[in-house]
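Hi,

Here's the model I promised to pass along. Could you take a look at the interfaces when you get a minute? My notes are underneath.

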Amino acid sequence: MRTAAAVATLALAGLAGCGGGAQPSADTDTLVIFSPHSDEIRQEFTEAFQAWHRERTGREAEVSWPDIGGGGTQILKRLQDKFRAGRYDVDLVFGGGPIVEQMKGLGMLQAVRLPPDVMSAVPRAAAGQPLYDPDGWWYGAAISTFGLIYNNAVIRDKGLPPVRDWETLADPNYLGCVGAGDPAKSVSVLKAYEIILQAYGYERGMGILVRMGANAREFYATAGEVPRNCAQGFVAAGPCIDFYAFRQMLAEGGGNLGFLAPPGLTVVTCDPIAVLKGAPHRDAAEQFVEFVMRPEGQRLWMLPAGSPGGPRQYALQRLAVLPAVYDEAAARGAPARVNPLAAPPADFYDAAKEIARQTVLADYLRVALVENHAGLTKAWQKIIAGGLPAAGAAELVRPLVSEEEMLRLGREVWAPLLAPDDAPPEKKAELKRQEEQRQRLRSDTETRWSEALRKRYETLAK
Amino acid sequence: MIPLRLAHITKRFGAVTAVDDVSLTVEPGELFFLLGPSGCGKTTLLRVIAGFYEPDGGRIFFGDADVTAVPPHRRRCGMVFQNYALWPHMTVLENLSFGLAVRGMGRAERRSRAAAMLDVVQMGAYARRKPTQLSGGQQQRVALARALVIEPDFLLLDEPLSNLDARLRREMRAEIRRIQRATGVTSIYVTHDQDEALAMADRLAVVRDGRIEAAGRPRDLYLDPPTLWAAGFLGATNLVDGRIRGRDAGAAVVDTSFGPLRAARAPADLGPGADVTISVRPEAVRLLAAEGPAPAANVYAATVEARTFQGETEQARVRLGGVEVTVSDRPTDLPPVGPGGAARVHVPAEAVRVYARQAAGAAASV
Amino acid sequence: MRPDLKTWLLVLVVAAFLGLFFFYPIGSVFESALWESTGPTLHYVGNVLSKSATRAGFASALVLASVATLAASLLALPLAYLQARTEFPGKRLFGAAILVPLILPPFVGAIGLKQVLGPYGALNAALAHLGVIGPAGAVDWFRAGPLAGVIILQALHLYPIIYLNVVAGLANVDPSLEDAARSVGAGPWRVLVRVTFPLILPSYFAGAIIVFIWAMTDLGTPLMFNYREPVAVQIFDRVSQPSNAEANALVVVLLAVVALLYLGARGLAGRQAFEMMAVATRPPAAGRLGRGAAAMAVLLFGAVTLVAVLPHAAVVLYSLKTEWHGTVLPSGLTLAHHQAALGLAPYEAAVPRSLRPLPSIWNSVVYSLGAVAVSLVLAVWTGYVLVRKRFAGRGVLDALVMLPLAVPGLVLAFGYLNCYADWGDRLVDAGVWSRNYLYPQTSPVALLVAAYAVRRLPLAVRAAVAGFQQTSRTLEEAALSVGAGPVRTLGRITVPLIAANLAAGALLVFAMSMLEVSDSLILAQDDAFNPVTRTIYRIYSNEYAVTGEAVASALGVWAMVFLAAALVAATALMGKRLGAIFRA
């Protein structure tokens, strides 16, 4: 038995010893970035930053992009776990949408001041959405819009009505033909649903979301699965962020795919970059933020692959925040894109609402659409088969909580209480107890919702 | 060579006491038998000696050394298992060499010793075979050789012949006896077969319900079993109930259903009036013709019920008084009386053993 | 038997490993589910249990697992018996081919299946071609019957686990026991049911219980069918939310249910587990089948192989396609995707430069071999303790060893991330290590090997336990009696004797580690250390390339080739051919 144990230890130790991983040397700056961005974005920004940094400082730069297996939600969770354990080994957050506002509120960020010549070129806002935090907590590195991706071949083969706006997803004809992301798994998916809620108003928006959920063929864990499955013909349409659609269209090439941003019913959002509190390589981190916001960084989003000043290998298909880059890209032969910077402000959108109910909405939709999906679909089928009686259709989608209640729950129950590091122990203990009470309330509320909706769907399916 | 001594060994499995306060000594070079019916605890006792079971009480001495707490692989006991337990993934030679390799012996010496031992068991020609290619008797020899090649202090044999057919069993008895003599190894042999024990043992212990019922040389135990149970277990015997009529020095006269019977010896504590059971071996009883000369005492009229010819011997079941008695003799020495015929029976007083009568079922059924 | 210090030490080692690499990392799950600052709480467990969605989730998981296990058994048992006990044409080939479900890589396996079963897939195209369905009548097979679909796929994917264990078990059955039954007049069927099957019950149980727990806690297959009822899917749906006590309570309840089910099943099967007096005294006779029976055997093996190999064939075709949409076969073939996957077209857009596809296959081989080594050592150790020692709490330990099978990979991987980085930092600070070997960003190797080994440990343990149960103790006692110590006895006698079982376990651990997903995606964070599954995933999820899925499929094909080659090489090293290694 002793021999056996020794063999096991040796095997582990031996394996641990092998493998690569260069040691950073003294004249190399290292950066650790948490990001949901894909390999291609990582590669292009790493290479371009390294060249820019070398030219500017004469120093090498290493950029490490640890994989966190998810988007903004996952990044927030991982960072919260790290901070709770007192580990400050990440420099930057790059991407992940609205999580930066949340992180700012939780005191997880570090403000950065960029040189005025850089900031003077960046518009204050796009379509009414701010493009950076006035105090420098975060900067919008790229912008995007939400809309629908659709597959004309499937629509034709199944004889479906054409895509008009978000309500198409709730059309009974689209039963089983909608691809939707899981609202609890992807921040960008949730954002699309929030836009629908606000574009149509809470009650009507909720109706669209629930019927869309009932129409959904399946729920995907990542936002990228929607365009992929749409392209393969598994679904006819689904909510999608612009650049996923652009890439899929570029890849598919056949012209079957289309993207529609319903005019006046969608918003522009920005994908932020921010330096984290306790960043171990703060100087290099600030350099990186500056690079991303300068034309050198912004060109990478839009220029065709291999063009001077553009990305080397990949056409990233994202929208820049510098208006000049749009013209440059068009001049270099990139596919023309509507410039959201020039779009009229979407006055219906209230970002405060989004932030307030983000987590509670995710949980509500998860319970209403995903957890009870089989029951929901059955009830919807029954209603469709019964000729869409108004009462049944209304009952199916009636929200369990009013908009005011949802917002209150978001602020008072769903918002996590995280004590600042420097809080005195008693304060920390007190906050922890309160957070536990909130967690109980969350769990009890969710359980109630789940039971009520399950029963409702069962009754309607009878 | 060293003796083996067990002192007050007790081994329990849950509520069952398998070995109950057993003490015995096996002398150097001896072939010692543990004999008893199945379930009596003899195999358990052997496994305690081998070290596979730790006793719940008592001590085990190899020579002067207390080995009670010594693990089995440090005890230097070669063991032959009932199912041989030859390692199927090794050849015959490898089976033998394994124990030598354990002792750090060089390859050449291992091979020569193993080969020599295979010659002793007359299996030299089979060294390269796998155990699965051997017959039962051959596997038996290899198992024996494997146990002996390590030159153990003690050879332990657990019912080694029980899986063989009758003829092979007789052959192997002689073979094991020969090999044991040749190697001089002190051996303990467990069996339920009294013929095997009587034929092979230097000394034997009869085990019953976890205790030693009797121990001694085969001849002594057979001819003069210390207990009624031992008398019944060690070979066939005739048991007859009676009552002591009178004592005359060591001798006694016992009233039986077929008349008074004189016994040359009887335990001193059995006085007149005591209820007894007498035991007489079938081969000690003489069957006589109805007419003709006869000894003066202990001769009774009898009727032959049945005769069984067995080659070397022939048995006759005869009825005298209210009991049936078995007589065994050379076929030529039995009078030619067929079933139903009248005869006489002589029970020599020297052959009669007298025991205090015990509750029903106390005697081993034979 | 008296309380035995040595036994407890042996038990302690097993418990320590499980504690260190399983319970400690997932400790936060238990803490979050069962503990608040005011003390222990069952609030969340109560909430979870009071939900009809959860109860339905457990019910559907149980139905799924029961039927899938039954179906896998019905596939595996006849095949195993034919393979072990009969001769028929092509037996060796089929013996190898029957294991192909073990080498289907994730993601691209799903691509293959979707290509066959999707609305524009090969099956619909074939049906349309035959005139069975019209152009608008395309069936979305994934939605046609999700529950049945999940069960069929699981049975087809998991039956090799039962098959391997049972073939190993049959090799250990002493044929004279069967002959004895025949001699007292029992017909072949009765012998099979009353003698052979009870004797191989430990081996069958070893395979079936794993299939059961696997099917019950499987995530990928139900998700492919959007079948969201099973409890594992419900956990997955919540696991991404920050410290969700309810999700953790669900994990705890699932672990408890699995442990109880396992103990119950073991109680039923354990009562009938027999140790044979000795292993086979002669090799089992392989009966030559008559012409008709042989044809039936070939047909059976052929049919199962054909169905099982369909997704593989689809993956291969997909990796070679230029276009494949709405047709039975691809409309054109190209080697470009394979060139990209093998790095022969370095600037192929599908493969980011940081990815090195071929070395990542090699990484996976190394990690998986490490996992095989670790889990086999532990499995022999655990099997020895569980079968050869009697101690209080044996059943508990036995059940605990099975739990890694039921823990979602995500949960364990995050547990590793949270628990071990600090240890490594301390060792670096203390100057013991120059680099943190317990931190994915600096060196994920040890964590990956440990995670693979722990998650696949039940496969190895069940195989080892079955081996120990079927091997007579006297063979070990014989070694002790000639002076070999326990270690040497284990190494020279016991392990060779249960080699067939261990080989079956090792094979499963190796294959299932090569194709592991969740630990691989989370614990490998530096591309230099990528296991092949992560490389495939990165290429597959590449949103920029037209050809991402096809290149991922091409790499998947090469992963299959390497895995098959590794399995063949492993068995060749043992001197036997694949499929025949289980003959004693």
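One salt bridge turns up across the interface of chain C and chain B. The partners are B:Arg47 and C:Glu477, with their closest N and O atoms 2.2 Å apart. Keep in mind that this is a predicted model. The C/B interface also has five residue pairs in polar contact, with both residues of each pair at pLDDT 80 or more. On the chain C side, two elements give two or more residues each to the surface touching chain B: α21 (473-481) and α22 (486-497). Of that side, α21(C) supplies the largest share, at seven residues. Sorted by class, the chain C side comes out as 14 nonpolar, six polar and five charged residues.

As for extent, 25 residues of chain C are in contact with 26 of chain B. Together the two chains bury about 2300 Å², and 62% of that is on carbon and sulfur atoms.

Now for chain C against chain A. Here 85 residues of chain C are in contact with 78 residues of chain A, and about 7300 Å² is buried between the chains, 47% of it on carbon and sulfur atoms. The rule picks out five salt bridges across this interface. One to pull up in your viewer is C:Asp140 with A:Arg217, whose side chains meet at 2.4 Å, N to O. Polar contacts here come to 18 residue pairs, again with both residues at pLDDT 80 or more. The chain C side facing chain A splits into 44 nonpolar, 22 polar and 19 charged residues.

Cheers

Terms used: Residues numbered from 1 in each chain as written. Chains lettered and ligands numbered in written order. Predicted model: local features only at pLDDT ≥ 70, side-chain atom pairs only at ≥ 80, totals over all residues. Heavy atoms only, no water. Contact = heavy atoms within 4.5 Å. Buried area = accessible area lost by both parts, 1.4 Å probe. Salt bridge = Lys/Arg side-chain N within 4 Å of Asp/Glu carboxyl O. Polar contact = N/O pair within 3.5 Å; in protein donor to acceptor, adjacent residues only side chain to side chain. Nonpolar A, V, L, I, M, F, W, Y, C, P; charged D, E, K, R; others polar. Helix = DSSP H or I, 4+ residues; strand = E, 2+ residues; numbered from the N terminus.
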